[in-house]
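Let's take a walk through this protein together. Have the viewer open and follow along.

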Amino acid sequence: MANQTLSELQDIMTQATSYEEYKEAAQAHDELSGAQEWKAKDPSKDYDYRLIRKRVQRMKQARVGGDAAGLMYILHEGLHGNLGNIAMSALNQHAKIGTKRLIEEFIQEVCSALDFIYQADENEIDFYEKLSFFEETAQAFGRSCLMLSGGAGLGFFHCGVIKSLVEHDLLPKVVSGASAGSIIAALVGTRTNEELLEVVKPEFIQQKFKQWRLWQGFGKDSLLNSSNLENALIELFDLTTFEEAFKKTGRHMTITVSPADLHQHSRLLNAKTSPNAIITQAVIASSAIPILFKPVQLKAKNRAGEVVTYIPNRRFADGSIMADLPFDRLARLYGVNHSIVSQTNLIAVPFLARDKRDTTGLLGLTWRYAAKIAKVNSIFAFDVLENLISHRAARLGIHKIRSIIDQQYVGDINILPSATFANLKHIASNPSLKSIQELIHHGERATWPQLDLIKRNTMISKTLRGYLTQLKQREERLLSDHNGLRVVNN
C-alpha cells in the first residue's frame, strides 16, 4: 500500500471486506502517520512506563533464572488489568492498531510467566500449590464479559459481532443478552463455536425470523402476534435448560427479563440463578417488547423432567427495560471486571457519550458531569412522581421509565452500528436476506477496529483460566484414580 495518503488508507479501512484487508490498511496508516514511532517509545504521560518496564525486567530475570516461585511472588505482588494505568483509553487513540510496544511486551511476558509456572517441575512447585496459585490469581484478576443489548430487528447486528469474535478466538465465556440480544446470547450459550458459525449465517437467520413482526391490531392484548417468533425460538432451543446448555458449551449465558408488575426487580436467568429454567421461555419473555408483545410466563423442568411453571403468578417482559447491560450483577456472579458491549438499543443513544472513556479535556469533562447531574435529577423527579401517584398502571409506567434512565448503556469496549437512517429501517421491519446480510456485515466491520484491543485486554485472563481448567481436569483424574484404587484395595 505504498504511496497512498492517510485519507486513502482510511477509506480502505472503512470499506474493507475482510479483517485482513482492514488490518493491512491500519498498519500502513500507522507507518505513514508516525504512530509506529509513538509505539516504539516507552515514555508517555498516560501510564507509568517506569513501573511497567521494571516489572517486565523482573519477570524476565526470574524466568531466565528458572525461578518459578519468584515469578509467582512477582505476579501476586501486583497483577491486575490496569497496572500502571495501561488500560487508559488515551493509549488506544494514537494508532489504528496496537499500542505502546512496552505494554504489549508486558502482557506477553505475563503470559510467558504463567506458562513457565504451569510447566514448572513439581518437585519445586507441587501440583496443589500450582492449582491454588491459578485459582487465586484468576479470581483476583477477573475476566471479561460480552453483553448484547436490545434493539428489535437491529439486534441481528450482534450476529456479525459474534461471527468476528469466534473467528478470532476472542469470544468471552460470560455472555448476557437482553431483548433482541437475548436471542443471540442464547445461540451463543447453546452452540459450540462450529455450530455458532453456521447459525449466524444470513440465510439461517432470515429463514428463522423472516416473519417475526406479525401485526395483530388494536383492541388485543398486544399489537403484534408473537406466535411466529415463539415458534422460531422453540425450534432453536426446544426444552433446553440453562444448566443443560452450560454442560454442553461451558459458556456462562445470562438472559435478562423485566417484571410486568411494580414490586419486582429484573431477573438474571442463567445456570447459577435458575439452572432448571427453560431457555426458550426466558428468551420469549426477554423479547416481549411492552405493548407490542404480551408478558410471558416462565417455565422450568422439575426433578422428574416435567415442564412446570417457574415463578408462579409472575409474568415477565423485555429485559432491556430494566437490565440492558447487567454488568454489576455479572461481576458478582462470575468475577467479571471488564466488559465488551454490542449496543444496538435506540434508547441508549442519548447515553452513549456519557462514558468517561469517550470524553477528554475540560469541555468533555464538563459535559460528562453536567449529563450526570441531569441524570440524577431526572431519577429524583421520577421517584417523587411515583410516590405521589396512586394509579397502579401509571406508577408502573413511571417506574419503567426511571429504570431506563438509571441504567448504564456502555462498557469498557463498545461495538456500535453506524447511526444512519438506513439502520433505523431494520428496527421494526421483517428482515429480507439482503437486510440480514447488511446487518451481519456491519456487525463484523464494527468489530474489526476493536479486535486488537479485545485481544490485549483478554489475553492474560484467558491464559490464566486456560491453565486453571487444565489443572482442575487433572485434579479430577487424580481424585478418580485415587477413589478407584481405594475401591480395589477394599
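Which residue just after α2 takes a positive phi? Gly34 does, with phi at about 95°. Keep in mind as you look around that this is a predicted model.

Now step back into the helix itself. Helix α2 covers residues 19-33, and at 1.5 Å a residue its 15 residues should span 21 Å; the end C-alpha atoms are 21 Å apart, so the two agree. The buried residues in α2 are Tyr19, Tyr22, Ala25, Ala26, Ala28, His29 and Asp30. In an α-helix there are 3.6 residues a turn, so residues three or four places apart point the same way.

Zoom out for a moment. The protein has 20 helices and eleven strands, and 50% of its 490 residues count as buried. Take the contacts between residues at least 6 apart in sequence: 75% of them join residues at least 24 apart.

One such long jump in sequence can be seen at Arg101, which is found in helix α6 (residues 101-119). Its C-alpha atom is separated by 9.1 Å from that of Trp38, although the two residues are 63 apart along the chain. Leaving out residues up to four places away in sequence, Arg101 touches Gln36, Lys39 and Ala40. With a relative accessible area of 42%, Arg101 is partly exposed, because that value falls between the 20% and 50% cut-offs.

Helix α5 (residues 68-78) is another one to look at. Its buried residues are Ala68, Gly70, Leu71, Met72, Ile74, Leu75 and Gly78, and they pack against α4 (49-64), α6 and α7. In the loop between α5 and α6 sits Asn85. Its phi is near 70°, which is positive although Asn85 is not a glycine. Most residues other than glycine have a negative phi. Asn85 is partly exposed, with a relative accessible area of 31%. There's another case at Asn313, in the loop between β8 (307-310) and β9 (316-317), where phi is again near 70°. Asn313 counts as exposed, since its relative accessibility is 74% and the cut-off is over 50%.

On to the interior. The largest nonpolar core has 71 residues, and those with the most contacts inside it are Ile162, Leu196, Phe209 and Leu233. Helix α20 (residues 433-489) gives the most to this core, with eight residues. Pick out Phe209 to see how the packing is put together: setting aside neighbours within four places in sequence, Phe209 is in contact with Phe156, Ile183, Leu229, Ala232, Leu233, Leu236 and Pro431. There's also a second, separate core of 39 residues, which includes Leu83, Ile103, Ala120 and Leu131.

For another buried spot, go to Ser164 in helix α8. At 1% relative accessibility, Ser164 counts as buried because it falls under the 20% cut-off. Not counting residues up to four places away in sequence, Ser164 touches Glu444, Thr447, Trp448 and Leu451.

What about the empty space? Rolling a probe the size of a water molecule over the atoms shows where empty space is left. The second largest pocket holds about 1000 Å³ of space. Among its 32 lining residues, Arg143, Lys173, His252, Arg465 and Thr469 lie nearest the centre. Two or more lining residues come from each of α7 (127-141), β1 (143-148), α8 (157-167), α13 (242-249), α16 (327-334) and α20, and α20 gives the most, with ten. By class, the lining has ten nonpolar, eleven polar and eleven charged residues.

Then come the cavities: a search of the whole structure finds four of 30 Å³ or more. The largest cavity has about 140 Å³ of space, and Ala152, Gly153, Ala180, Ile183 and Trp212 lie nearest its centre among the 13 residues that line it. That lining has nine nonpolar, four polar and no charged residues. Ile183 is worth a second look, as it also appears among the contacts of Phe209.

The second largest cavity has a volume of about 50 Å³. Its lining is made up of Ser226, Leu229, Glu230, Ile284, Ser287, Ala288, Phe293, Lys294 and Val296. By class, that comes to five nonpolar, two polar and two charged residues. Leu229 is also one of the residues in contact with Phe209.

Terms used
Residues numbered from 1 in each chain as written. Predicted model: local features only at pLDDT ≥ 70, side-chain atom pairs only at ≥ 80, totals over all residues. Heavy atoms only, no water. Core = buried A, V, L, I, M, F, W, Y, C linked by side-chain atoms within 4.5 Å. Buried < 20%, exposed > 50% of the residue type's maximum accessible area, 1.4 Å probe, protein only. Helix = DSSP H or I, 4+ residues; strand = E, 2+ residues; numbered from the N terminus. Contact = heavy atoms within 4.5 Å. 1 Å grid on protein atoms, 1.4 Å probe; cavity = no way out; pocket = protein on both sides within 12 Å on 5 of 7 lines; lining within 4 Å. Points joined across faces, edges and corners; volume = space filled by probe spheres on them. Nonpolar A, V, L, I, M, F, W, Y, C, P; charged D, E, K, R; others polar. Expected span 1.5 Å × (residues − 1).
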